[in-house]
Amino acid sequence: MQRRLDLAPDSMRIRRQTVEHQFGTIKAWMGSTHFLTRTLKNVSTEMSMQVLAYNMKRVINILGTPALLEAIRA
């Protein structure tokens, strides 16, 4: 792995930008960097709700509300 990184040093920078962007956006959107609940089950539920809200917000921005409602009805 180190050899592959030495051959393409920009690959990790690109990966951080493309993969971790959503988590940074969700954390900023939540207003903090920690979860409000405790235990793995509750934190998992909280994160799932945040991801669902993030995805719904993206769909509304991309398709618009009427198209989203039509897709939900179908």
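Me: Where is T65 found?
Reply: This is a predicted model. In it, T65 is found in helix 5.

Me: Why is T65 called partly exposed?
Reply: Its relative accessibility is 42%. Buried means under 20% and exposed means over 50%. The value for T65 lies in between, so T65 counts as partly exposed.

Me: How far is T65 from K41 in space, C-alpha to C-alpha?
Reply: T65 and K41 are 32 Å apart. In sequence they are 24 residues apart.

Me: What makes the span of helix 4 close to the expected one?
Reply: Helix 4 covers residues 40-63, which is 24 residues. The expected span is 1.5 Å times one less than the number of residues. That gives the 34 Å expected, and helix 4 reaches 34 Å from its first C-alpha to its last.

Me: What follows helix 4?
Reply: G64 follows helix 4. The phi of G64 is positive, near 100°.

Me: How do helix 4 and helix 5 pack, and which residues make the contact?
Reply: Helix 4 and helix 5 (residues 65-73) pack at an angle of about 115°, with axes 7 Å apart. Helix 4 brings M56, V59, I60 and L63 to the contact. Helix 5 brings T65, A67 and L68.

Me: What is the make-up of the contact of helix 4 with helix 5, by class?
Reply: Six residues are nonpolar, one is polar and none is charged. Thr is not on the nonpolar or charged lists, so T65 counts as polar.

Me: Which residues of helix 4 are buried, and what do they pack against?
Reply: V43, E46 and Y54 are buried in helix 4. The buried residues of helix 4 pack against helix 3 (21-30).

Me: How do you know that E46 has no salt bridge?
Reply: A salt bridge needs a side-chain nitrogen of Lys or Arg within 4 Å of a carboxyl oxygen of Asp or Glu. For E46, the nearest side chain of opposite charge is R38, 9.9 Å away. That is outside the cut-off, so E46 has no salt bridge, although E46 is buried.

Me: Which residues is E46 in contact with, leaving aside neighbours within four places in sequence?
Reply: E46 is in contact with M30, F35, L36 and T37.

Me: Why is I26 called buried?
Reply: I26, in helix 3, has a relative accessibility of 3%. Buried means under 20%, so I26 counts as buried.

Me: What does I26 touch, not counting residues up to four places away in sequence?
Reply: I26 touches Q50, V51 and Y54. Of these, Y54 is one of the buried residues of helix 4.

Me: What makes T39 exposed?
Reply: T39 has a relative accessible area of 53%. Exposed means over 50%, so T39 qualifies. T39 is found in the loop between helix 3 and helix 4. T39 has a positive phi of about 75°, although it is not a glycine.

Me: Why is K57 called partly exposed?
Reply: K57, in helix 4, has a relative accessibility of 42%. Buried stops under 20% and exposed starts over 50%, so K57 counts as partly exposed.

Notes
Residues are numbered from 1 along each chain as its sequence is written. This is a predicted model: local features need pLDDT of at least 70, side-chain atom pairs count only at pLDDT 80 or more; totals for chains, interfaces and linings use all residues. Side-chain values use heavy atoms; hydrogens and water are left out. Helices (H or I, at least four residues) and strands (E, at least two) are DSSP runs, numbered from the N terminus. Buried means under 20% relative accessible area, exposed over 50%, partly exposed in between (1.4 Å probe, protein chains only). Contact means heavy atoms within 4.5 Å. Axes are lines fitted to C-alpha atoms, for helices over the stretch in contact, and angles run from 0 to 180 degrees between N-to-C directions. Lys and Arg count as positive and Asp and Glu as negative; His and the chain ends are not counted.
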